[in-house]
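Work through the exercises below with the structure open beside you, and try each task before you read its solution.

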Amino acid sequence: MLHAIKKTRIHEEVFSQIHELIREGRFKARDQLPSERELAETFKVSRTSVREALRTLESQGLIVSRTGTGNFVVDLPVEALVGPLARMLIDEKTALADVFELRKLIEPHIAALAAERATERDIAQLKKIVAKQKEAVNRGETGVDADAELHLCISRATQNQALQKLVSGLMEMLSRSREESLQTDQRRASSIATHRRIVAAIEKHDRSKARSEMLRHIEQVEESVLSSSRPSKKESQKMAREREGFHDHARKDKLSSGKGSRQLLYRLRAERQIRGGKMVF
């Protein structure tokens, strides 16, 4: 059932094996996992490696740790909530737009619920994360890790585990798009400013303000990410000229034999691939 681990990327191997057992149903919902000591002995690795693997499993919503009791497989793994979206979201900008639409429907309401239920400890943690993002940006980094951490912390403030798992899955899927949205100083500053407004609304327990500020934040991120895939005005004009040139050539040939036009089409298609698919026929 379990086997010894090779001495490479140990905690990831431990995570992979336990994850696979959960996926296969050998560890079922509400089953208690073996103790850290038992897992370490079975895998023949250190307890530190086992602990890191368990932490990753918990962060992905696969298990829950109960103090004094142990680790248990959750009733509803995060894959069941966001797996279909994860499979959809590869490089499709249209799929990414759909996910942002989902975020605009869900996350403002999560922020409102957080404003209603957040404890003093939750609020202190949110402020700490925003400060961490600011420090990262000052060091010349994007602050993307703190960005994701803030959204996860807001979901935890709702005291709703299902919402926590959903947001965790969304943050995992959107890791690359978050990075894209924080590529300029202006975007990073805007992210910090909107995060501060969201946290301020939660601190005041203002549900309406928290909802509207979160919606504004997601809309700004959406614009930053999706606009990066749109061609500039100059590029659009160039593509229009290329398309017109192709159609003029096709009309002159009148497609009598079709040979010359086909060769041109093949060449233009090859150029389209080289340019990353920006030309549209």
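**Exercise 1: A cavity and its lining**

Sort the lining of the second largest cavity by residue class, and find which helices supply it.

Solution. By class, this lining holds four nonpolar, two polar and one charged residues. Keep in mind from the start that the model is predicted. To see which residues are being sorted, locate E107, I110, H151, I154, S155, V167 and M214, which line the second largest cavity. Next, turn to the helices: α5 (93-117) and α7 (144-157) each give at least two residues to the lining, and α7 supplies the largest share, namely three residues. Finally, place the cavity in its setting: a search of the whole structure finds two cavities of 30 Å³ or more, and the second largest has a volume of about 30 Å³.

**Exercise 2: Helices α10 and α11**

Determine how the axes of α10 and α11 are oriented, and name the residues that make the contact.

Solution. Begin with the geometry: the axes of α10 (residues 185-203) and α11 (residues 207-227) come within 8 Å and cross at roughly 165°. Because angles over 145 degrees count as roughly antiparallel, α10 is roughly antiparallel to α11. The handedness of this crossing is left-handed. On the α10 side, the contact is made by R187, S190, S191, T194, H195, R197, I198, A201 and I202, while α11 brings K209, A210, E213, M214, R216, H217, Q220, S224 and S227. Sorted by class, the residues of this contact are five nonpolar, eight polar and five charged.

**Exercise 3: Helices α6 and α10**

Decide from the angle how α6 and α10 are oriented, and then list which residues meet.

Solution. First, read off the angle and the distance: α6 (residues 120-138) packs with α10 at about 170°, and the two axes are 10 Å apart. The two helices α6 and α10 are therefore roughly antiparallel to each other. Then follow the contact itself, where I123, L126, K127, V130, Q133, K134 and V137 of α6 meet R188, S191, I192, H195, R196, V199, I202 and E203 of α10. The class count for this contact of α6 with α10 is seven nonpolar, three polar and five charged residues.

**Exercise 4: Helices α1 and α3**

What is the orientation of α1 relative to α3, and which residues form the contact?

Solution. Start again with the axes: α1 (residues 10-24) and α3 (residues 47-59) pack at an angle of about 50°, with 8 Å between their axes. That angle makes α1 oblique to α3, and the crossing by which α1 passes α3 is right-handed. In the contact, I10, H11, V14, F15, I18 and H19 come from α1, and S49, V50, E52, A53, L54, T56 and L57 come from α3. As a last step, classify the residues of this contact, which divide into eight nonpolar, four polar and one charged.

Definitions and conventions: Residues numbered from 1 in each chain as written. Predicted model: local features only at pLDDT ≥ 70, side-chain atom pairs only at ≥ 80, totals over all residues. Heavy atoms only, no water. Axes fitted to C-alpha atoms, helices over the stretch in contact; angles between N-to-C directions. Helix = DSSP H or I, 4+ residues; strand = E, 2+ residues; numbered from the N terminus. Parallel < 35°, antiparallel > 145°, perpendicular 65-115°, else oblique. Left-handed = near helix turned anticlockwise from the far one by under 90°. Contact = heavy atoms within 4.5 Å. Nonpolar A, V, L, I, M, F, W, Y, C, P; charged D, E, K, R; others polar. 1 Å grid on protein atoms, 1.4 Å probe; cavity = no way out; pocket = protein on both sides within 12 Å on 5 of 7 lines; lining within 4 Å. Points joined across faces, edges and corners; volume = space filled by probe spheres on them.
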